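Me: I'm new to this one and would like a close look at a single part, namely how two of the helices pack. Could you walk me through that, with a little of the surroundings?

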Amino acid sequence: MQYQYQGQTVSLDELRLIFRNISFPPEPSEADLAPLGVTLIPDPVPTPEELLAQAKADKLAEINAVCQSTLEALTPTYPERELTTFDKQESEARACLADPAASTPFLSALAAARGIELADLVQRVIAKADAFTSASGYIIGQRQALEDRLDAAETLEDVRAVVVSIIMP
């Protein structure tokens, strides 16, 4: 909220400095301010375009939050740091499938620590990577479809009609 005092636009904090001996309520009313020669400058009324833009931004945030939580539900049992190794695991596994002599330092260490054969681990990694890719693609596709509907929205009613629902495959 802004205020007008002696031709200047000031904030509530500035009013408190100007009138040090006066205790202002958290949101002073015009009746509180008038005896001091201060007027309240009302917040500008948003234009229809601004309202639509804000509604779209809010809806997009909702879409993204639902997508994020749905994607996270695909990997709830993995520690965050392990999730960051998935690309490395997949790239080494695919390289090993293409060339059994390929360097696989990460997967070799995993296989040794687990006491399983590298070839078995490669198959497991590929299966999980393919399943994750398919599931996340389905989820992300739904998010993008919702965003497409939101982009096409021309009114607040159109935005409100975009019901955010993202389901697992």
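Reply: One term to start with: a residue counts as buried when its relative accessible area is under 20%. Keep in mind, too, that this is a predicted model.

Now to the helices. Two packed helices are described by the angle between their axes and the distance between the axes. Here the pair is α3, covering residues 48-72, and α7, covering residues 118-152; their axes lie 10 Å apart at an angle of about 175°. Angles over 145 degrees count as roughly antiparallel, so that is the label for α3 and α7. On the α3 side, the contact is made by K56, K59, L60, I63, N64, C67, T70 and L71. Facing them from α7 are S136, I139, I140, R143, L146, E147, L150 and D151. Sorted by kind, the residues of this contact come out as eight nonpolar, three polar and five charged.

Let's stay with C67 for a moment, since it belongs to the α3 side of that contact. Its relative accessibility is 4%, so it counts as buried. Another cysteine, C96, has a relative accessible area of 10%, and because that is under the cut-off, C96 is buried as well. As for disulfides, the structure holds zero.

For the surroundings, there's also an open sheet of three strands, ordered β2-β1-β3 with antiparallel pairing. The edge strands are β2 (8-10) and β3 (38-41): each has a single partner strand, so one side of each lacks a neighbour in the sheet. On average, neighbouring strands here are turned by 35° against each other, direction ignored. Strand β1 (residues 2-5) is joined to β2 by three bridges, and Y3 stands opposite V10 in β2.

How values were computed. Residues numbered from 1 in each chain as written. Predicted model: local features only at pLDDT ≥ 70, side-chain atom pairs only at ≥ 80, totals over all residues. Heavy atoms only, no water. Disulfide = S-S within 2.5 Å. Buried < 20%, exposed > 50% of the residue type's maximum accessible area, 1.4 Å probe, protein only. Pairing = 2+ DSSP bridges. Helix = DSSP H or I, 4+ residues; strand = E, 2+ residues; numbered from the N terminus. Axes fitted to C-alpha atoms, helices over the stretch in contact; angles between N-to-C directions. Parallel < 35°, antiparallel > 145°, perpendicular 65-115°, else oblique. Contact = heavy atoms within 4.5 Å. Nonpolar A, V, L, I, M, F, W, Y, C, P; charged D, E, K, R; others polar.
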